[in-house]
Amino acid sequence: MTVTAVKSAEEFATLINSGKTVFVDFWATWCGPCRMISPVFEQFSSQLTDSGAEFYKVDVDELPDVAQEWGIRAMPTFVAFKNGQKTGDLVGANPTGLQSLIVKQLTA
C-alpha cells in the first residue's frame, strides 16, 4: 500500500474509525524534516502491505482543524489510531522511533 493523502475532516474520521490500525503522518510542505522522513514512511507502508495497517498523510495547512483536534504542535508527528482512538505517537523525524511505533502497534 502507498501512503494516501487525506483530503477532508470527514474522510479522516472515517479512516481512523475503520477498525484497522491506521498510521497518520501530520506534515507540512514547508517542513524540511517532513520531506526527509517521508520516504521512510512510504517504505514502511510498502513493506507492510500484508499487515492490514493503512498509512495516510495529513497536510496540517490544508486540514488545520484535524491537526488542532489531535493536538498536533510540531511536524512531523506520526500518530497511530485504532477504532477512533489514538494508540501511539511520535514527534520528529526519527526513522528508528517511527519503526518502533509501527512495530509496537502491529504487535499489540
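**Close-up views of a predicted model**

Trp70 is partly exposed, with a relative accessible area of 21%, and this residue is taken up again in the legend on aromatic rings below. All views show a predicted model, and the values quoted in the legends are computed from it.

**View 1. The protein chain as a whole combines four helices and five strands.** Followed along the sequence, these elements occur in the pattern β-α-β-α-β-α-β-β-α. The radius of gyration of the protein chain is 12 Å, close to the 13 Å given by the globule rule for 108 residues, so the chain is as compact as a globular protein of that length. The C-alpha trace spans about 30 × 30 × 20 Å along its principal axes, and buried residues account for 44% of the 108 residues. Of the contacts between residues at least 6 apart in sequence, 71% join residues at least 24 apart. The accessible surface of the protein chain amounts to about 5,600 Å², and carbon and sulfur atoms contribute 51% of that surface.

**View 2. A disulfide joins Cys31 to Cys34.** The two sulfur atoms lie 2.3 Å apart, which is within the 2.5 Å cut-off for a disulfide, and by this rule the count for the model comes to one disulfide. A disulfide is a covalent bond between the sulfur atoms of two cysteines. The torsion about the S-S bond of Cys31 and Cys34 is about 80 degrees, so this disulfide is right-handed. Both cysteines, Cys31 and Cys34, are buried.

**View 3. Aromatic rings form pairs, among them that of Trp70 and Phe81.** A pair of aromatic rings is described by the distance of the centres and the angle of the planes. By the pairing rule, the count comes to six aromatic pairs. In the pair formed by Trp70 and Phe81, the ring centres are 4.8 Å apart and the planes stand at 75 degrees, so the pair is edge-to-face, the angle being over the 60 degrees that this class requires. The pair links distant parts of the chain, since Trp70 belongs to the loop between helix 3 (64–69) and strand 4 (77–82), whereas Phe81 belongs to strand 4, 11 residues apart from Trp70. Phe81 is buried, with a relative accessible area of 0%, while Trp70, at 21%, is partly exposed. Ring pairs also link Phe12 and Phe26 with Trp70 and Phe81 into a cluster.

**View 4. The charge of Lys57 sits over the ring of Trp27.** Lys57 lies over the face of Trp27, at 4.7 Å from the ring centre.

**View 5. Leu15, in helix 1 (residues 9–16), touches residues elsewhere in the sequence.** Leu15 counts as buried, with a relative accessibility of 15%, a value under the 20% that sets the limit for this class. Leaving aside residues up to four places away in sequence, Leu15 touches Val6, Val22, Glu54 and Tyr56. Of these, Glu54 is 39 residues from Leu15 along the chain, and the C-alpha atoms of the two are separated by 8.8 Å.

**View 6. Lys104 is placed in helix 4 (residues 95–107).** With a relative accessibility of 59%, Lys104 counts as exposed, the limit for that class being over 50%. Lys104 and Thr87 are 17 residues apart in sequence, and their C-alpha atoms are 9.9 Å apart in space.

Note on methods:
Residues numbered from 1 in each chain as written. Predicted model: local features only at pLDDT ≥ 70, side-chain atom pairs only at ≥ 80, totals over all residues. Heavy atoms only, no water. Buried < 20%, exposed > 50% of the residue type's maximum accessible area, 1.4 Å probe, protein only. Phe/Tyr/Trp six-rings, centres within 6.5 Å; stacked < 30°, edge-to-face > 60°. Helix = DSSP H or I, 4+ residues; strand = E, 2+ residues; numbered from the N terminus. Lys NZ or Arg CZ within 6 Å of the ring centre and 35° of its normal. Rg over C-alpha atoms; globule rule 2.2 N^0.38 Å. Contact = heavy atoms within 4.5 Å. Areas by Shrake-Rupley, 256 points an atom, 1.4 Å probe, with all protein chains shown as cover.
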